[in-house]
Amino acid sequence: MADTRFAVPRPEAGLPPVRAEYVKDVVAGQDMGVVQAPLTIWQRLANQGWLRKLLLLAAIALTWEIYAQQLNNALLVPTFSATLDALREGIVSGEIPEKVVSSLQVLLKGYALGLALAMLLTGLAMMSKLGNDLLETLTSAFNPLPAIALLPLALIWFGLGDRSIIFVLVHSVLWAVALNTHSGFRSVSNTLRMVGRNYGLRGPRLIARVLIPAAFPSILTGLKIGWAFAWRTLIAAELVFGVSSGRGGLGWYIYEHKNMLDIPAVFAGLFAVILIGLIVENLIFRNIEAATVRRWGMQS
Amino acid sequence: MTTDMPGARSFGPLPHPGEPGPQPLLQVDGVTLQYKTEKHLVTATYRVSFDVYKADRFVVLGPSGCGKSTLLKAAGGYMAPTEGSMRLKGVRIGEPGPDRVFVFQEFDQLLPWKTVKQNVTFALQSSRKMRGRAAEEQAMRYIEKVNLGKFANSYPHTLSGGMKQRVAIARALAMEPDILLMDEPFAALDALTRRRMQEELLRLWADTHFTVLFVTHSIPEAVLIGNRILLMSPHPGQVKGELNSAGDDPVDPVSGRKLSDRIHEMLFADRVEEQEVVPHG
């Protein structure tokens, strides 16, 4: 590799070559061509993550449509358009909104109860070493246990109905939230604790004014994981015995239409489950994040 | 007060420059500090005594691991001496409190979820010193003093290291504490910024004559910042002496040596010992 740029006198062994010094003027900004120019509309559009993802989704929908039309078997895979029709029908008839409301009501009850218990458990863990051991033992024991595995037991204890579902929801929320909140508290820097105590904060005031905000990134992560677990658990539990709660939720909607071999409606139900999951994740939690941890520079 | 210590020798004139009150503000008397690590009980300082008077810029200088930071934590009330006593205005120091405000070395001493102004008002409100408008006005007054008025509504993560330390200083000064406890506050800054911050601290002192207990391991910093410098021996820390400084590192007429050279000699006379010291926080 002969490179003329490096064609300098051979240096003494082990020493860098001796080069002449030089000084030159720099080009003024306006002579440089582009210093800062706006991107074209296409370049800017290509930078939009949501647009790229939307295009991907459209491509997937198109593939689905073509495949399903070729397969021509609505019992196995209905077409994308048939699914959309079923979804619209379900929404217009009020059946899907009703099921969604019913599902969300149960979910919120379980979520709230799970959060309250998680707060209690974390509070105990903060106050004493024994509480700390209790939390660690319970979370490591129960966190790996899928909530749905408790359903048979819940049926025996609470019978058919909302209470059984709430029980499994609490189980799915509690450990994730408690674990994350607790580890969040523990990772609050000692300096911040000392600052809080320096200004006279003790006990509950220290927790409320320093520890909770400082641990908020972890707490929020716990809330998100808890929500995702709860939503999955709820739909699964409703599939098993949603009818017993009288109205039934989305899971029951899917199960019911499967029994009626109304497969486009089954797909529509799955669609609704995904949509709600996306809305909560991307609208609610994303906005909370933007207004808190990302604004504070505690998470990029 | 210092002459009754074993082995104390006086260098130059002892009288205190700034008119000392009849009573010292902070009295540290025979303080031994011990803390536990996972396997050991470590003695950080051994029978340390000194007095800080009002408006003192009292620097505690010593090599890493001489227990000077631990000493400051004890003055802050974060740990209790195993022997001896610490009194502020004659009252034994107990819990941490807003009459002794800490400025730490770490940049994360600011609450990241609060703006610059909110960080200062947080201190005023949490300690129930001031609330509402009064707290905001006090906060802005001190934020202006450290020239951060334009950044009052910025969040800490958008500030540079030096600016964060200035906010921490503004927050501490706004509390108007009896004594300011500074734990190597400029150690994590680059050399240029550190120099600017040292000058700024002196300018602020000239403005309000606060009392500060300042811990450092840098001899030039001690000579520049302090009017009184306490030298500590390596681990476990003991008092080696107290020197006066006017900030300009003068040549001592008796020994014919610069103050910083004398300090260097005193601190590193037992260099071998120092190298055997296990460093700790």
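1. Start with Val59(B): in this predicted model, Val59(B) sits opposite Ile229(B), a residue of strand 9 of chain B. That pair belongs to a parallel match between strand 3 (residues 57-61) and strand 9 (residues 228-232) of chain B, held by four bridges. If the word "parallel" is new to you, the background is simple: strands in a sheet pair through backbone hydrogen bonds, and they can do so in a parallel or an antiparallel way.

2. Now look at the other neighbour of strand 3 of chain B. Strand 8 (residues 212-216) of chain B also runs parallel to strand 3, and here five bridges make the link. Find Val60(B) and you will see Val215(B) of strand 8 across from it. A handy rule for following this: side chains in a regular strand alternate between the two faces of the sheet.

3. Is strand 3 of chain B buried or exposed? Five of its five residues are buried, so call it mostly covered. Try checking this face by face. Arg57(B), Val59(B) and Leu61(B) are on one side, Phe58(B) and Val60(B) are on the other, and all of them are buried, leaving both faces of the strand covered. Do notice that an arginine is in that list.

4. Zoom out to the whole sheet. It is an open sheet of six strands in chain B, ordered 6-7-8-3-9-10, and the pairing is mixed. Strand 6 (100-103) and strand 10 (239-244) of chain B are the edge strands; each has a single partner strand, so one side of each has no neighbour in the sheet. On average, neighbouring strands here are turned by 20° against each other, ignoring direction.

5. Chain B also has an antiparallel pair to compare. Strand 1 (residues 26-36) and strand 2 (residues 41-52) of chain B pair in the antiparallel sense over eight bridges. A hairpin of four residues takes you from strand 1 to strand 2 of chain B. For one bridge to click on, take Gln27(B), whose partner in strand 2 is Asp51(B).

6. Some overall numbers for chain B: the chain has eight helices and 10 strands. Of its 281 residues, 46% are buried. Take the contacts in chain B between residues at least 6 apart in sequence: 70% of them join residues at least 24 apart.

7. Chain B is divided into two domains, and domain 1 comes in two pieces of sequence: 46-99 + 177-281, with domain 2 covering 111-176. The C-alpha centres of the two domains of chain B are 25 Å apart. Where they touch, 12 residues of domain 1 are in contact with 11 residues of domain 2. Which helix gives the most to the domain 1 side? That is helix 5 (residues 191-208) of chain B, with four residues. By class, this side of domain 1 has 10 nonpolar residues, one polar and one charged.

8. Next, the meeting of the chains. Here 16 residues of chain A are in contact with 19 residues of chain B. On the chain A side, helix 8 (190-198) and helix 9 (203-214) each supply at least two residues. Helix 8 of chain A gives the most, with six. The chain A side splits into eight nonpolar, five polar and three charged residues.

9. Helix 10 (residues 216-241) of chain A is a nice one for a quick sanity check. At 1.5 Å a residue, its 26 residues should span 38 Å, and its end C-alpha atoms are 36 Å apart, which agrees. Since 20 of the 26 residues are buried, helix 10 of chain A is largely enclosed by the rest of the structure. When you look along any such helix, remember that an α-helix has 3.6 residues a turn, so residues three or four places apart point the same way.

10. Last, a single residue worth finding: Ser164(A), in helix 7 (residues 162-186) of chain A. Why does Ser164(A) count as buried? There are 24 other C-beta atoms within 10 Å, and the cut-off for buried is 20 or more. Setting aside neighbours within four places in sequence, Ser164(A) is in contact with Ala154(A), Leu155(A), Phe158(A) and Gly159(A). You can also trace from Ser164(A) to Gly114(A): they are 50 residues apart along the chain, and their C-alpha atoms are separated by 14 Å.

Conventions:
Residues are numbered from 1 along each chain as its sequence is written. Chains are lettered from A and ligands numbered from 1 in the order in which they are written. This is a predicted model: local features need pLDDT of at least 70, side-chain atom pairs count only at pLDDT 80 or more; totals for chains, interfaces and linings use all residues. The expected span of a helix is 1.5 Å times one less than its number of residues. A residue is buried if 20 or more other C-beta atoms lie within 10 Å of its own, exposed if 12 or fewer, and partly exposed in between; C-beta atoms are placed from the backbone. Two strands pair if DSSP finds at least two bridges between them. Axes are lines fitted to C-alpha atoms, for helices over the stretch in contact, and angles run from 0 to 180 degrees between N-to-C directions. Two residues are in contact if their C-beta atoms, placed from the backbone, lie within 7 Å. Ala, Val, Leu, Ile, Met, Phe, Trp, Tyr, Cys and Pro count as nonpolar, Asp, Glu, Lys and Arg as charged, and the others, Gly among them, as polar. Domain bounds come from an automatic or database domain assignment.
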